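Student: Please take one part of this model and go through it closely. I would like the pockets, with the sheet and helices around them.

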Amino acid sequence: MALPCLPTILRAGIAAALTLGASAASAQADFPNRPVTLIVSAAPGGTTDIAARLIAQPLGVALGQSVVVENKPGASGGIAAQTVARAKADGYTLLLQYSGFQVITPHVTPTAGWDPVKDFAPVANVLSAPQVVVVRPDLPINSLKELVAYAKANPGKLNYASSGNGSLQQVATELLNQMAGTQITHIPYKGTGPALNDLLGGAVDMTITTPPPLLGQIAAGKLRALAVTGNTRLPSLPNVPTAAEAGYPDLIVSSWFAMYAPKDTPAPVVDKIAGEIQKIMKTDAFRQKAAEQGAEAIFMGPKELGAYTQSELDRWGKVVKAAKITAN
């Protein structure tokens with residue numbers, strides 16, 4: 001393109017801009033031409049890590065490049081979130097985030113150093129999993145209504161374990177406290193593993209958490225499941241009623257595990273990744289693997305995930321404020 005009538009410096013600037021624009025367009029069209037890193041906000045073995053590994057392998061095949069899972073747990077999702085928020089916005093560094101971190105941590109730790117909406121471009125929701133309300137089997141409690149009745153008859157006597165202050169386990173149980181007018185006491189732990197160990201050992205009375213770490217213990221009779229906090233019963237727990245069936249229709253609590261990119265990641269790159277994820281999630285193989293974990297393959301694309309992230313941020317902010325939950 002000739003620019004004969006313009007000063008030399010201006011012509012050079014326009015030419016450089018055109019070259020950069022062409023290079024950016026070419027880079028987007030060629031995406032990906034090297035491995036993609038998927039940063040995971042939790043340690044290996046948990047549901048967040050499971051979700052990341054379920055999607056990483058087939059996504060790598062679909063994109064024609066490896067998708068490498070890198071675990072960066074800590075700071076209630078903050079280490080992973082800050083890593084991705086500060087990464088180059090080119091689609092080669094992505095975040096697989098747990099909803100409890102994405103929409104609760106910012107309320108509990110307002111000085112976390114990252115913003116769940118402003119710092120990220122939503123890509124896709126990968127898995128969703130309701131919570132399961134479980135108690136130790138030696139308690140005289142066989143249903144959610146009996147749990148509430150027992151807690152009211154014995155105020156302050158029952159306690160519940162969580163993976164830490166501000167965790168979805170704590171917020172979900174505080175939501176139950178608010179709905180039912182109960183006073184079930186919070187006992188925080190440094191992770192789901194230690195919390196379940198003490199629950200199984202009888203040191204605490206109950207917890208509300210995702211199915212994967214519970215299913216084997218429920219099947220073995222070491223924990224008693226009272227309700228599932230989803231809209232439908234779980235195929236893996238067909239005899240356990242939903243919270244709505246148990247008399248608490250507003251106790252809808254779902255963990256979701258979603259992918260985000262740094263803000264300003266080009267829309268064509270985001271759309272390409274989201275499109276491939278949607279295809280993968282429609283397959284019987286992926287849906288079956290999700291079901292085996294007590295989860296559901298519920299896809300949300302960039303626009304829907306963005307709106308859902310904001311609505312969940314608003315919803316849980318009200319619960320956190322009402323329960324006066326803090327990081328300490």
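Tutor: What follows covers the two pockets, then the sheet, then one helix residue. This is a predicted model, in which local features need pLDDT of at least 70, side-chain atom pairs count only at pLDDT 80 or more, and totals for chains, interfaces and linings use all residues. Residues are numbered from 1 along each chain as its sequence is written, and side-chain values use heavy atoms, with hydrogens and water left out.

The largest pocket has a volume of about 880 Å³. A pocket here is an open set of points on a 1 Å grid over the protein atoms alone, where a 1.4 Å probe fits, with protein on both sides within 12 Å along at least five of seven lines; lining residues have an atom within 4 Å of a point. Volume is the space filled by probe spheres set on the points, which are joined across faces, edges and corners. The lining has 43 residues, and Tyr-98, Phe-101, Ser-163, Gly-191 and Thr-192 are the closest to the centre. Elements that each supply at least two lining residues include helix 2, helix 3 (78-85), helix 7 (168-180) and strand 10 (254-262). Helices (H or I, at least four residues) and strands (E, at least two) are DSSP runs, numbered from the N terminus. By class, this lining has 17 nonpolar, 25 polar and one charged residues.

The second largest pocket holds about 470 Å³. Its lining has 26 residues; Ser-128, Pro-130, Ser-254, Glu-296 and Ile-298 lie nearest the centre. Strand 4 (120-130), strand 10, helix 11 (284-292) and helix 12 (302-323) each give two or more residues to it. The split is 13 nonpolar, eight polar and five charged.

Now the sheet. Five strands form an open, mixed sheet in the order 2-1-3-10-4. Its edge strands are strand 2 (67-71) and strand 4, each pairing on one side only. Two strands pair if DSSP finds at least two bridges between them. Strand 1 (residues 36-40) runs parallel to strand 2 over five bridges. Val-36 stands opposite Val-67 in strand 2.

Finally, Pro-58. Pro-58 sits in helix 2 (residues 47-63). Pro-58 counts as partly exposed because its relative accessibility is 21%; buried means under 20%, exposed over 50%, and partly exposed in between (1.4 Å probe, protein chains only). Pro-58 and Met-281 are 223 residues apart in sequence, yet 9.7 Å apart in space, C-alpha to C-alpha.

Terms used
Nonpolar A, V, L, I, M, F, W, Y, C, P; charged D, E, K, R; others polar.
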